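Colleague: Hey, got a minute to walk me through this one? I'd like to start with a hole inside it and then work outwards.

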Amino acid sequence: MKPIEVKPSDERVVPFVSDSTIRFEMSIFGAVMNYAMKKRYVPASQRFDERPKLKTMRRDEFTLEEYRKLHTVDRKWIAEADKPSSVWYRTVTYNLILIACNTGMRPAEMKNLRWRDIMPAKKPRGREIVVLFVQGKGKSRKLVAPKSVGDYLERIRAISKATAQDDRVFTNITGKPAKTLYSSLIADLLNEANLREGTQGVPRSTYCFRHTYAALCLQEGVDVYFLAEQMGTSVHMIEGHYGHVNTIKLADRVL
């Protein structure tokens with residue numbers, strides 16, 4: 001039998017592979033090799049115990065200035081759309097960014113969000129807020145958001161073809177659930193705003209809006225324990241990934 005020739009696909013090029021992906025794939029490779037040795041498919045000398053020493057990369061968020069720039073460019077980007085479908089997609093993408101930066105939702109949680117998961121509420125002093133029931137990675141939680149998030153969601157509902165309680169919030173123009181959360185549009189917008197790469201040269205993605213939420217909350221003095229609960233993560237993770245924010249916040253005290 002002739003070997004099968006496998007040609008690389010031109011459909012999708014991944015510009016960057018994260019350290020977590022490398023660690024995960026190396027652990028899978030190690031498990032496969034251990035199984036092969038157990039079955040005596042390969043000699044024990046083929047055991048792979050080494051792990052690459054990977055530098056811990058700080059997750060890039062948008063600074064407040066970059067966030068404001070994104071606002072300005074995004075509105076211009078929508079106005080320059082050359083057909084109705086482009087206006088629709090760019091409008092939804094813009095509001096998704098606003099929602100993500102004001103809630104800290106993970107991309108998977110946004111993909112799973114349904115209209116029934118959105119509940120208007122009021123704080124004890126009467127201030128209007130929005131409570132969201134989010135689900136992702138096998139876990140669920142409730143988070144609170146400012147009233148403006150409800151306004152952004154209503155903008156999407158006003159142009160969506162999927163507005164029943166069980167329908168997904170983020171869809172394509174025909175009303176079917178969005179598979180990629182408009183990732184190519186977000187990349188185009190970030191390129192347009194010259195914000196595609198972060199300070200470490202790593203291409204930014206939808207997940208960076210979650211990091212932006214965390215960083216801005218910490219800069220405003222939000223309690224780290226409340227923030228961890230709000231974001232569905234641990235205090236340890238926040239302190240480990242966003243410790244640089246405290247350095248910026250304390251600058252006025254030391255300079």
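Modeller: Sure. In the lining of the largest cavity there are five nonpolar residues, one polar and one charged. Keep in mind that this is a predicted model.

Colleague: Which residues line the largest cavity?

Modeller: The lining is made of Tyr67, Leu70, His71, Asp74, Tyr94, Ile97 and Leu98.

Colleague: And which helix gives the most to that lining?

Modeller: That's α2, with four residues. Both α2 (64–79) and α3 (84–103) supply at least two residues each.

Colleague: How much space lies in there?

Modeller: About 40 Å³ for the largest cavity. The count comes to one cavity of 30 Å³ or more.

Colleague: OK, staying with α3. Is Asn95 buried or exposed?

Modeller: Asn95 sits in helix α3. Its relative accessibility is 1%, and buried means under 20%, so Asn95 counts as buried.

Colleague: What does Asn95 touch?

Modeller: Leaving out residues up to four places away in sequence, Asn95 touches Tyr152, Arg155 and Ile156.

Colleague: Let's switch to pockets. How much space lies in the second largest one?

Modeller: About 410 Å³. It is lined by 16 residues, and the closest to its centre are Asn102, Pro146, Tyr213, Cys217 and Glu220.

Colleague: Which helices and strands supply that lining?

Modeller: At least two residues each come from α3, β3 (139–146), α7 and α8 (224–231). By class, the lining of this second largest pocket splits into eleven nonpolar, two polar and three charged residues.

Colleague: You mentioned α7. Why call it largely enclosed by the rest of the structure?

Modeller: Eleven of its 13 residues are buried, so the rest of the structure largely encloses α7. Among the buried ones are Phe209, His211, Tyr213 and Leu216.

Colleague: Does its length add up? What span should we expect for α7?

Modeller: Helix α7 covers residues 207–219, so at 1.5 Å a residue its 13 residues should span 18 Å. The end C-alpha atoms are 19 Å apart, which agrees.

Colleague: And what follows α7?

Modeller: Gly221 follows α7, and its phi is positive, near 90°.

Colleague: Which residue other than glycine has a positive phi near 65°?

Modeller: That would be Arg40. You'll find Arg40 in the loop between α1 (19–38) and α2. Tyr182 is another example, with a positive phi of about 60° although it is not a glycine. Tyr182 is in the loop between α5 (147–159) and α6 (183–192).

Colleague: So are those two buried or exposed?

Modeller: Arg40 is exposed, with a relative accessible area of 76%. Tyr182 is buried, with a relative accessible area of 5%.

Colleague: Now zoom out for me. How many helices and strands does the protein have?

Modeller: There are eleven helices and three strands. Along the sequence the pattern reads α-α-α-α-β-β-β-α-α-α-α-α-α-α.

Colleague: How much of the protein counts as buried?

Modeller: Of its 255 residues, 38% count as buried. As for the surface, the protein exposes about 16300 Å², and carbon and sulfur atoms supply 53% of that.

Colleague: Last one. What share of the contacts comes from residues 24 or more positions apart?

Modeller: They account for 61% of the contacts with a separation of 6 or more.

Note on methods
Residues numbered from 1 in each chain as written. Predicted model: local features only at pLDDT ≥ 70, side-chain atom pairs only at ≥ 80, totals over all residues. Heavy atoms only, no water. Buried < 20%, exposed > 50% of the residue type's maximum accessible area, 1.4 Å probe, protein only. Contact = heavy atoms within 4.5 Å. Areas by Shrake-Rupley, 256 points an atom, 1.4 Å probe, with all protein chains shown as cover. Expected span 1.5 Å × (residues − 1). 1 Å grid on protein atoms, 1.4 Å probe; cavity = no way out; pocket = protein on both sides within 12 Å on 5 of 7 lines; lining within 4 Å. Points joined across faces, edges and corners; volume = space filled by probe spheres on them. Nonpolar A, V, L, I, M, F, W, Y, C, P; charged D, E, K, R; others polar.
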